[in-house]
Amino acid sequence: MKRFLLSSVAVLNLLVLDQAVKEWAIRSLGVGGGKAIVAIDGFLDFVCIKNFGCAWGLLQGAVWPLAVFAAVAMAFLLWKRECFFSPDWQGTLCELLLYAGLLGNLYDRVLRGGVIDMIDCHWGAHHFPVF
């Protein structure tokens, strides 16, 4: 029970941090290519976009099916957690980060209508999809 409570608090804190960073990006950078902050010239920028699909822009407009999928995936991982995550600190860290990420994206899909992405990796003019 103690481990569950500590894990829940950790996930909640990660979720709050995730949403705070996304709120900062929305206010500072503007959604949809307002501004960019160059972190490493020619390689890494911070931007703010709203992704209405999933990774690499797939399934654009499928906000609700993706939200349902995230909720089902979260429930499945909680149910089968012993099968997927080792009990050591590395397994626990992976588990907590995964739950926080699922919840953060679920929050974005349901309340913002899409996931806020902000990390733009590129090599010169060749861009990896923003995540």
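The following exercises, with worked solutions, concern the cysteines and salt bridges of a predicted model.

**Exercise 1. Determine how many disulfides the structure holds, and account for the state of C48 and C54.**

Step 1. The criterion is a pair of cysteine sulfur atoms within 2.5 Å.

Step 2. For C48, the closest cysteine sulfur belongs to C121 and lies 16 Å away, so the two are too far apart for a bond.

Step 3. For C54, the nearest cysteine sulfur is again that of C121, at 18 Å, and C54 takes part in no disulfide.

Step 4. A search over the whole structure returns zero disulfides.

**Exercise 2. Classify C48 as buried or exposed.**

Step 1. A residue counts as buried under 20% relative accessible area and as exposed over 50%.

Step 2. The relative accessible area of C48 is 1%, and C48 is therefore buried.

**Exercise 3. Describe the salt bridge between D108 and K22, stating where each partner lies and whether each is buried or exposed.**

Step 1. The contact is made by the two side chains, with an N to O distance of 2.6 Å. A salt bridge requires such a distance to be within 4 Å, and the structure holds seven salt bridges.

Step 2. D108 belongs to helix α4 (residues 89-112), while K22 belongs to helix α1 (residues 2-29). The partners are 86 residues apart, and the pair thus links distant parts of the chain.

Step 3. D108 has a relative accessibility of 0% and therefore counts as buried. K22, at 3%, counts as buried because this value is under 20%.

**Exercise 4. Analyse the salt bridge of E23 with R27 and that of R112 with D108, and state which residues are joined into one network.**

Step 1. The side chains of E23 and R27 meet at 3.0 Å, N to O. Both residues are located in helix α1, with a spacing of four residues, or about one turn of the helix.

Step 2. With a relative accessible area of 27%, E23 is partly exposed. R27 reaches 68% relative accessibility and so counts as exposed.

Step 3. The side chains of R112 and D108 form a salt bridge with an N to O distance of 3.1 Å. These two residues lie in helix α4, four residues apart, which again is about one turn of the helix.

Step 4. Through salt bridges that share partners, D18, K22, E23, R27, D108 and R112 are joined into one network.

Key: Residues are numbered from 1 along each chain as its sequence is written. This is a predicted model: local features need pLDDT of at least 70, side-chain atom pairs count only at pLDDT 80 or more; totals for chains, interfaces and linings use all residues. Side-chain values use heavy atoms; hydrogens and water are left out. Buried means under 20% relative accessible area, exposed over 50%, partly exposed in between (1.4 Å probe, protein chains only).
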